[in-house]
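Biologist: I should like to learn how to read the features of a model such as this one. May we take them in turn, with the general idea first and the case at hand after it?

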Amino acid sequence: MGASLSNLTENESTTGKPGLGDIPENCVACVFMYLNPLEICNLARLNRAFRGAASSDAVWDSKLPENYHQLLDVLPQRKFEGFSKKDIFAFLSRPVPFDDGNKEVWLDRISGRICMSISAKAMLITSGEDRRHWNWFPTEESRFHVVAYCQQVWWFEVSGSVKFPFPPDVYTLTFRVHLGKYHKRLGCRVCNFEHTHGWDLGPVRYELSTSDGQHIVNEYFIHDCDQDDASANIKRGNWIEYKVGEFIVSRSDPATEVRFSMKQIDCTHSKGGLCVDSVSIIPSDLKGRRRKGVLKYQ
C-alpha cells in the first residue's frame, strides 16, 4: 500500500495524471478531522498538500478538548501567544507538571483525552513525617522520581484531593502501590520484604467522592498474587494498580473536585513494607492499555 501511495504522489510528474498531491489542501484537512493524531502525522509525510493540511488549526482544534483554554489557565504560567493548535496539542500531549510538580496532566496522544497522575507527595499521610513509620526514597520507576515507603504503622491512611476542569467523560481512579522495598544491586532490581507484614490480616478500604455527590467505596486485600489469576503466578515485586472506582464528569465548568483515600485502621495489628507511588485518573476505556511491569486489581 505504501508503494501505491508513493506512486500516486509522484505520477503527476511522470504520467501527467492526477495524484494525491493534486487534492486541495482544505479537502485533505476535512478528511484529517476523522483521523487520530498518529495517523495524521504519518500521512503528513506523503506530500506538500498533506503536510500543509496536517498543520491546519481546524484539524488540531478537533483533537483538543473543548475546554483546552481552561486547561492552559490552570497550568504554570507560560505564553501561548503565537502557538498553533498543533503546537498546543504537542505541548499538552507531554506530561505537564503543576502544583509544585506534584501533579501531572497530559493528553492521550491517540484520543486527545485528559489523563492525570498525582504523586504521594501531594497526599496527606498519617504519621508521614515520622521517620520511624514512613520515609521517602528516590526511584526511576516513578514518574515523580520518589515514592513513600511505609515501614511500620498501626494506623495506615493516605488521602488527597484535586480540583480540575476535567472535560466530560467517565474516569477511573487507581492507587499505584508496591509490596516490599526495591533497589538496584549490580545493575539488577532486587526487592526486600523484611518489613512486609500485616496486609493479609485485613482489607484496605479505598474511597472516592466528588464535589457533585458521587461516592464510591471498595475494599481489597493487598495480595502477593492476584487471586483472580488462574495460574496464580504473579510474584511479589510488581507495581499493582488498585481500582478505587469510576466517576462521571458531565460538564467542565465548574471544575470537579475529586477526593480519594486508602486506609487500613484496624489497630489490632501493625502493617508495613509497602510503597505508595501515586494516584492516576484516566478515562475508563483507556485503562485497558496494560503498561509493562504494572498489574491491575479490580
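**Backbone, burial and cavities**

Modeller: Let us begin with one residue: Ser-127 is located in the loop that runs between β4 (124-125) and β5. Strand names of this kind come from DSSP runs numbered from the N terminus, with E runs of at least two residues taken as strands and H or I runs of at least four as helices. Two conventions apply throughout: residues are numbered from 1 along each chain as its sequence is written, and side-chain values use heavy atoms, with hydrogens and water left out. The model is predicted, and local features therefore need pLDDT of at least 70 and side-chain atom pairs pLDDT 80 or more, whereas totals for chains, interfaces and linings use all residues.

Biologist: What is the phi of Ser-127?

Modeller: Phi of Ser-127 is near 65°, a positive value in a residue other than glycine. Asp-99 also has a positive phi, near 55°, and is likewise not a glycine. Asp-99 sits in the loop between β1 (96-98) and β2.

Biologist: Is Ser-127 buried or exposed?

Modeller: The classes rest on relative accessible area, found with a 1.4 Å probe and protein chains only: buried is under 20%, exposed is over 50%, and partly exposed is in between. Ser-127, at 38%, counts as partly exposed. Asp-99 is partly exposed too, with a relative accessible area of 37%.

Biologist: How many helices and strands does the chain have, and what percentage of its residues count as buried?

Modeller: There are seven helices and 16 strands in the chain. Of its 298 residues, 47% count as buried. The accessible surface, from the Shrake-Rupley method with a 1.4 Å probe, comes to about 15800 Å², and 51% of that belongs to carbon and sulfur atoms.

Biologist: Which residues does Phe-247 touch, not counting residues up to four places away in sequence?

Modeller: A contact means heavy atoms within 4.5 Å. Phe-247 is in strand β13 and is buried, at 1% relative accessibility. With residues up to four places away in sequence set aside, Phe-247 touches Asp-169, Val-170, Tyr-171, Leu-208, Thr-210, Gln-214, Val-258 and Ile-281. The C-alpha atoms of Phe-247 and Tyr-171 are 5.5 Å apart, although the two residues are 76 apart in sequence. For the chain, among contacts between residues at least 6 apart in sequence, 68% join residues at least 24 apart.

Biologist: Where does His-269 lie, and where is His-145 found?

Modeller: Both are loop residues: His-269 lies between β14 (256-264) and β15 (274-283), and His-145 between β5 (134-138) and β6 (146-150). His-269 is buried, with a relative accessible area of 10%, while His-145, at 53%, counts as exposed. Leaving aside neighbours within four places in sequence, His-269 is in contact with Trp-154, Gly-198, Leu-201, Gly-202 and Gln-264. On the same terms, His-145 is in contact with Pro-138 and Thr-139.

Biologist: Which peptide bond is cis, with omega near 10°?

Modeller: It is the bond from Asp-253 to Pro-254. Pro-254 lies in the loop between β13 (239-249) and β14.

Biologist: How many disulfides does a search of the whole structure find?

Modeller: A disulfide is a pair of cysteine sulfur atoms within 2.5 Å, and the search finds zero. Cys-150 is in no disulfide, and the nearest cysteine sulfur, that of Cys-275, is 9.6 Å away. Cys-150 counts as buried, at 0% relative accessibility. For Cys-191 the closest cysteine sulfur is again in Cys-275, 8.5 Å away and so too far for a bond. Cys-191 is partly exposed, with a relative accessible area of 23%.

Biologist: Which residues line the second largest cavity?

Modeller: Rolling a probe the size of a water molecule over the atoms shows where empty space is left. A cavity is a set of points, on a 1 Å grid over the protein atoms alone, where a 1.4 Å probe fits but cannot get out; lining residues have an atom within 4 Å of a point. Grid points are joined across faces, edges and corners, and a volume is the space filled by probe spheres set on the points. The count comes to three cavities of 30 Å³ or more. The second largest holds about 50 Å³, and is lined by Leu-71, Leu-75, Leu-92, Val-96, Val-105, Trp-106, Leu-107, Ile-114 and Phe-164. Strand β2 (residues 103-107) gives the largest share of this lining, three residues.

Biologist: How does that lining divide into nonpolar, polar and charged residues?

Modeller: Ala, Val, Leu, Ile, Met, Phe, Trp, Tyr, Cys and Pro count as nonpolar, Asp, Glu, Lys and Arg as charged, and the others, Gly among them, as polar. The lining of the second largest cavity has nine nonpolar residues, no polar and no charged.

Conventions: On a 1 Å grid over the protein atoms alone, a cavity is a set of points where a 1.4 Å probe fits but cannot get out, and a pocket is an open set with protein on both sides within 12 Å along at least five of seven lines; lining residues have an atom within 4 Å of a point.
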